[in-house]
Amino acid sequence: MKKLLIYIGFVATSMAFFSCTKEEVIDLPTVEERFTKSRDSLVNALVAPEFGWRINYQPDQSSGSFVILMTFDEEGNVNIKSDVTDNDGEFLDSNITYRIDNAHGLELILENYGIFHYFFERFNGEFEFIFVNYQENNLVFRSKSDFSNQTVLNFEPAAEGDEELLTNEISQNLKKSVFQDAQLIGNNAYFQLYLIDKDISVFITLDLDLRTCKILNAAVGETIDEITTNNNTVDVFHKTNYLVQGEKIIFNSAFSFSLNGQDILISELELFDFVEFQDSFCEGQTLNLGKFQGKIGNENITFSSTLYSAGSTFSPQSNSPYGVSSVGFFDQNDETLQDLIAQTFPDIAAIQFYFNFTLNSGDLNAFGFVVLDNNNNADFFLREFTAPTFEGNRMRFTFTGETLITKDNPTPEEEQGLIDLTDLLFGSGEVYVLEFAGDDTLFEIYNACNNHKLFLFQ
Amino acid sequence: MKILKNINIRSIAKINPTGWLLAVILLSGCYDSEILDVPVNEPDNLPNTPLDNYIQEEFIDKYDMAIRYRFVDNYVDPGKRVTPPRLENVRPMLDFIEEFWINPYLEIQNGETFFKDHVPPEIIFLGGLIFNSDGTVTLGTADAGARITFTNVNGLDPEDEEWVSRQLNVVYHEFAHTIHQRYKLPASFEKISPAGYTSAGSWFILSDGEALERGFVSPYATSSPNEDFAETVAFFLFDKNFYENYIILEENCTTVDCEDRNEGRKKINQKLNAIIDHYQKVVGISLEALRAAIQSRLG
């Protein structure tokens, strides 16, 4: 009976409480009214800062960061500024429309194509953002289209001079000396960071679109001759994203190494006074290069585009050749030689590079083409060369005069085509092997005498 | 598989760069046609920009046809990737569809009435192509006569024949669906080339030539009688070489392939005649007059 009374008392109390709650619900604004109020509040917040908002936007964890300035108005327009010079500069200063939706909470939707949509297409970026909260003067959003590892965007009120952070001089000048194919894999380039007082060079490969980089190695000396003579190098192999902000390149993670009794730690570079100059990486030929003056703290530096690095990870492969489809061979205008190769080898399946490949008869060093016959059997057209030697990433070898052709009765055109096509890349006997920030298995073979290039996968 | 174009992977999506040289992207044209779906409502509280006012006056007021150019994510299915159009491309795109889709109807007999009675209430503009998880690319869609979606508005280039052909193919194809949806297919249409239709989801293994030999203007036309109808209408309207490609028989055939192509052309001709008669009978529209009006604009 006591339990029953307790139950009755509990039910009665609950009914009384529920009844009160129900009365309160009736007084609440409708969902629509509450959304309108929340939306208006967010719009008011978005339009409030005098100089708009500043965002250090990282589209994806594998990419670097980009400074973006956004200024909203109450009419649904947003002005977006960035230092991304792609698409003929359309993203430097653009106006699109936005709206605030109510789905997974308040959502900021950028309705027309702009820099964020460009990031969406290229780097897994996003252009729909869910509002998270207010944090002091900042607005925090997270991406809507990322199902995992959602990007968090921190909108900070911009300061009056923040547009100076978007000087695109560095971005534009960095792209003036790109030797790694711009059409198919984006803009990648080698740079030599020279610490003047320490007489140390650091070699870096940059992905200028993704804003990622790989610090390859460091060496004592400035010129190739000095570095070769000093023969004092150290591998660094540090990968990091970076942010271009004003005159600075800021590395997401600092890198360090010890060389020649000196401990070096670098977290950012200040770059200015860009000049274009010419240098030679093949006798009688010059390349147009760019050089910044700069500083790390108080130390003077230069930062120059180059083809050279003090080392290379392009190494012998005893079990499998390096290879690529015929699309991967380019002329001096970055046009693929696919059609030219097909004139001699219409059924080409692959281009291959054998580097100390183990055969029963000994190591094979050869370069050439794999062609399929009518029964899809492979025929090899290879041209042998001597074991490669390296000075830094400069690879040298000479053709032996021997060919390895498995096809019965090759035509004279095929034999001559093998010589002519391989000479386009290796005729000078000296090439530069370039690496990439974003892929450790991809290499570019660059002939500085005729600017032909071949991409090879390990 | 129909290969329409090799494209620069890094320009459209973030993919491990290792893949780009080894891969050949196969773009297969496809239309997600006739998916029953509720039209997406644009969010309220839209600003009245000059562009919005133009759309109101020239499209909504005249044809009761809304133009959606502001991105709404359920314009495409979840998991599909697409971007909105550039703002500056919207007005030229409006001019384009007005010139090559609406105006030809206005200048032929019964065309204006037909257009106003059958036009879908929603037109969606998308900036890029719709990339599907199976590697195909959706060129355009129509949903049960309620909506037509244009993709690749950001690639707008009226001087580019390929871009123009794709856009016109999409809109003529999708608009043709309204005919069989309201008035059924021409009598016995599906019996003209019954053996040529492909099993579900396999149309893309055919080449253009194989489709022709079966009596179809494209591989996609083999996917069903409804798609066959819409593709034949679309090709007839936009392809200036339609008769040379699909109707006129090759002379002096000496090979089996040539004879097969001619047999296919005879079937297409039979279908075309049935379609032309059907349009005239059910809506009073001369497809030949419409083709002439379109071709005079294409030059």
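## Two barrels in chain A, packed helices in chain B

In chain A, 8 strands close into an antiparallel barrel in the order β1-β2-β3-β4-β5-β6-β7-β8. Going from one strand to the next, the twist averages 35°. This is a predicted model, so a cut-off applies: local features need pLDDT of at least 70, side-chain atom pairs count only at pLDDT 80 or more, and totals for chains, interfaces and linings use all residues. Residues are numbered from 1 along each chain as its sequence is written, while chains are lettered from A and ligands numbered from 1 in the order in which they are written.

**Barrels in chain A**

- Helices (H or I, at least four residues) and strands (E, at least two) are DSSP runs, numbered from the N terminus, and two strands pair if DSSP finds at least two bridges between them.
- Inside the β1 to β8 barrel, β3 (residues 77–81) and β4 (residues 93–103) of chain A run antiparallel and are joined by 5 bridges.
- Asn79(A) has Asn95(A) as its bridge partner in β4(A).
- Chain A also has a closed barrel of 8 strands running β9-β10-β11-β12-β13-β14-β15-β16, again with antiparallel pairing.
- For the β9 to β16 barrel, the strand-to-strand twist averages 30°.
- Here β14 (residues 262–282) and β15 (residues 285–296) of chain A are antiparallel, with 9 bridges between them.
- Phe272(A) is matched with Gln293(A), its bridge partner in β15(A).

**Leu454 in chain A**

- Leu454(A) sits in strand β27 (residues 452–457) of chain A.
- With 22 C-beta neighbours inside 10 Å, Leu454(A) counts as buried (20 or more other C-beta atoms within 10 Å of its own make a residue buried, 12 or fewer exposed, and anything in between partly exposed, with C-beta atoms placed from the backbone).
- Leaving out residues up to four places away in sequence, Leu454(A) touches Gly328(A), Phe329(A), Ile351(A), Leu425(A) and Ile445(A); contact requires C-beta atoms, placed from the backbone, within 7 Å.
- Asn374(A) is 80 residues from Leu454(A) along the chain, and their C-alpha atoms are separated by 27 Å.

**Chain B overall**

- Chain B has 11 helices and 6 strands.
- Of its 299 residues, 41% count as buried.
- Among chain B contacts with a separation of 6 or more, 67% come from residues 24 or more positions apart.

**Helix packing in chain B**

- Two packed helices are described by the angle between their axes and the distance between the axes. Axes are lines fitted to C-alpha atoms, for helices over the stretch in contact, and angles run from 0 to 180 degrees between N-to-C directions.
- Helix α4 (residues 87–106) and helix α5 (residues 111–118) of chain B pack at about 130°, axes 6 Å apart. That makes α4(B) oblique to α5(B): under 35 degrees is roughly parallel, over 145 roughly antiparallel, 65 to 115 roughly perpendicular, and the rest oblique.
- Ile102(B), Tyr105(B) and Leu106(B) of α4(B) meet Gly111(B), Glu112(B), Phe114(B) and Phe115(B) of α5(B). That contact splits into 5 nonpolar, 1 polar and 1 charged (Ala, Val, Leu, Ile, Met, Phe, Trp, Tyr, Cys and Pro are nonpolar, Asp, Glu, Lys and Arg charged, the others, Gly among them, polar).
- Helix α8 (residues 225–238) of chain B has 13 of its 14 residues buried, so it is largely enclosed by the rest of the structure.
- The axes of α8(B) and α11(B) (residues 287–298) come within 8 Å and cross at roughly 45°, and the two are therefore oblique to each other.
- Phe236(B), Leu237(B) and Phe238(B) of α8(B) meet Leu287(B), Leu290(B), Arg291(B) and Ile294(B) of α11(B). This contact has 6 nonpolar residues, no polar and 1 charged.

Methods: Contact = placed C-beta atoms within 7 Å.
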